[in-house]
Amino acid sequence: LSQNIVAAWLCGARYIELKTVQTLDTLEIPRPCIDMQDEGYNCEWSQELKLEQTKTEYINAWILIHILSHKLNFKDGPGVVFNMSLGYNLEGIMKENIQAFISEMKDSTTKIKTIKNDLLSVYPSIQDIEIPGCISDNVTLSTMHGCPPDEIEKIVGYLLQKQKLHTYIKLNPTLLGPEKLREILNYKLGFKTQIPDQAFEHDLKYIDAVELVSRLLEVAKNHNLEFGLKLTNTLESLNTRNVFSPEIPMIYMSGRALHPISVKLAEQLQNDFNGSLNLSFSAGVDAFNISKLIASGLFPVTVCSDILKPGGYGRFFQYAETLRSEFSALKSHSITDYIIKKNTIENTSVKAALANLVNYSNDVIHNPEYIFDPFENKNIKSQKPLNFFDCISPPCIPSCATSQDIPQYLYHAS
């Protein structure tokens with residue numbers, strides 16, 4: 001995990017939502033477990049390292065980023081936030097191994113000091129680098145499908161009151177309800193993904209979510225902590241694809257098909273809370289919609305499906321280019337300024353963000369970029385071995401009968 005986190009940071013990522021951990025850390029993961037042909041699908045579990053190994057990876061990444069920040073002469077430090085992600089129920093979170101994980105993420109001073117001493121011979125200047133012992137004081141909660149509202153509230157209450165962690169809850173797209181969700185996904189966008197009734201039956205209901213969030217906002221306020229929502233988790237769907245084992249009944253959808261659904265849910269929630277919610281966003285984010293999300297007050301933004309496609313973390317350069325261009329065009333020097341200037345009517349960031357979100361929610365459903373593509377068998381794999389390094393190879397070259405160097409033609413044309 002550490003090399004992935006460092007690579008992401010080097011390519012521009014600054015808010016890192018760490019892989020979700022749970023008390024059960026000896027899981028059998030079916031293979032393949034991810035399908036990213038177009039929209040994404042994955043199997044239910046993803047934790048492949050034991051908790052002790054995971055902690056070590058996060059601490060190593062934290063130290064490496066601070067070393068690189070020093071080496072690259074970043075005057076203001078690495079500017080990075082590590083966001084813990086915990087699952088999946090109260091019983092599991094209260095287990096000794098998860099408690100130890102939280103404790104060490106909040107204070108790894110002793111372990112960091114030991115590692116700094118070990119690295120002195122490799123990088124003597126490490127003795128001049130101040131590396132904070134607190135790796136993370138904030139958390140995103142992922143709950144099990146079917147987790148009752150009162151248990152979600154107890155978990156968040158515990159994280160806020162006892163652990164003193166800034167806390168976000170990751171909500172499921174099923175909050176929209178079956179009629180609205182299927183109307184967007186299956187009828188307006190044309191995706192064939194089948195969402196079973198049980199996905200809506202055992203997930204948190206919208207009315208319960210609104211009441212729960214209202215109470216937790218007060219708890220967070222009383223403890224001077226930040227509380228918000230993460231939109232959205234993946235969408236439970238039937239395994240009708242020929243990629244995964246037929247023994248797996250349910251798979252979980254992400255990527256571009258999820259984007260309009262999650263934006264609509266964000267609009268509904270912000271309308272009910274007058275635009276006052278802290279909403280983090282992760283659903284089909286790419287270089288072409290990130291500025292619209294920021295303008296809608298949805299941030300921090302995290303990315304997964306898009307960087308699992310060719311280009312990987314290198315895609316972040318286009319994200320940065322797009323945002324820089326947008327901010328420059330409006331002469332904006334902060335996110336708040338950008339939100340207000342993006343709206344010509346409202347003059348406060350909360351009202352402007354809500355107005356921008358309503359406009360984007362209405363537009364995105366009709367955007368052809370999110371309509372189902374019937375060309376099912378896109379394949380970017382080639383016969384070239386996938387090495388750890390130097391593995392980039394344009395799939396168009398081996399796919400061409402005469403192996404023409406198509407990227408070079410594109411380069412010269414540009």
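This report walks through the fold, the salt bridges and some local backbone features of one protein chain.

## Overall fold

The model is predicted. The protein chain has 414 residues, and 46% of them count as buried. It holds 16 helices and 11 strands.

How does the radius of gyration agree with that of a compact globule? For 414 residues, a compact globule would have a radius of gyration near 22 Å. The protein chain has 22 Å, so the two agree. Along the principal axes, the C-alpha trace spans about 60 × 55 × 55 Å.

Contacts across the sequence are common in this chain. Take the contacts with a separation of 6 or more: residues 24 or more positions apart account for 72% of them.

The accessible surface of the protein chain comes to about 21,500 Å². Carbon and sulfur atoms hold 54% of that surface.

Charges come next. The chain carries 38 positive and 47 negative side chains. The centres of these two sets lie 4 Å apart.

## Salt bridges

How many salt bridges does the structure hold? There are 16. The table gives three of them.

| Pair | Closest N to O distance |
|---|---|
| E104 and K55 | 3.1 Å |
| R182 and D197 | 2.8 Å |
| R315 and D306 | 2.7 Å |

Start with E104 and K55, whose closest N and O atoms are 3.1 Å apart. E104 lies in helix 4 (residues 96-106) and K55 in helix 2 (residues 51-71), so the salt bridge ties together parts that are 49 residues apart in sequence. Are these two residues buried or exposed? Both E104 and K55 are buried. The pair also belongs to a wider set: E52, K55, E104 and K111 are linked in a network of salt bridges.

Next come R182 and D197, joined by a salt bridge with the closest N and O atoms 2.8 Å apart. This pair also links distant parts of the chain. R182 sits in helix 7 (residues 178-188) and D197 in helix 8 (residues 197-202), 15 residues apart. R182 has 22% relative accessibility, so it counts as partly exposed. D197 has 46% relative accessibility and counts as partly exposed.

The third pair is R315 and D306, whose side chains meet at 2.7 Å, N to O. Here the burial of the partners needs a look at each. R315 is partly exposed, with a relative accessible area of 26%. D306 counts as buried because its relative accessibility is 12%, and buried means under 20%.

## Cis peptide bonds

Two cis peptide bonds deserve a look. Which residues does the cis bond with omega near -5° join? That bond runs from G87 to Y88. Y88 is found in the loop between strand 4 (81-86) and helix 3 (90-93).

The other cis peptide bond joins F299 and P300, with omega about 5°. P300 has its place in strand 11 (residues 298-301).

## Positive phi angles

K164 has a phi near 55°, a positive value in a residue other than glycine. Where is K164 found? It is in the loop between helix 6 (149-161) and strand 6 (166-171). K164 counts as partly exposed because its relative accessibility is 45%.

S403 is not a glycine either, yet its phi is positive, at about 55°. S403 lies in the loop between helix 15 (396-399) and helix 16 (406-413). With 46% relative accessibility, S403 counts as partly exposed.

## A buried lysine

K230 lies in strand 7 (residues 227-231). Why does K230 count as buried? Its relative accessibility is 2%, and buried means under 20%.

Which residues does K230 touch, leaving aside those up to four places away in sequence? They include E17 and T140. A run of contacts follows with Y168, I169, K170 and L171. K230 also touches S280, F281 and S282, as well as T302.

Technical notes
Residues numbered from 1 in each chain as written. Predicted model: local features only at pLDDT ≥ 70, side-chain atom pairs only at ≥ 80, totals over all residues. Heavy atoms only, no water. Salt bridge = Lys/Arg side-chain N within 4 Å of Asp/Glu carboxyl O. Helix = DSSP H or I, 4+ residues; strand = E, 2+ residues; numbered from the N terminus. Buried < 20%, exposed > 50% of the residue type's maximum accessible area, 1.4 Å probe, protein only. Rg over C-alpha atoms; globule rule 2.2 N^0.38 Å. Contact = heavy atoms within 4.5 Å. Areas by Shrake-Rupley, 256 points an atom, 1.4 Å probe, with all protein chains shown as cover. Lys, Arg positive; Asp, Glu negative; His and termini not counted. Charge placed at Lys NZ, Arg CZ, Asp CG, Glu CD.
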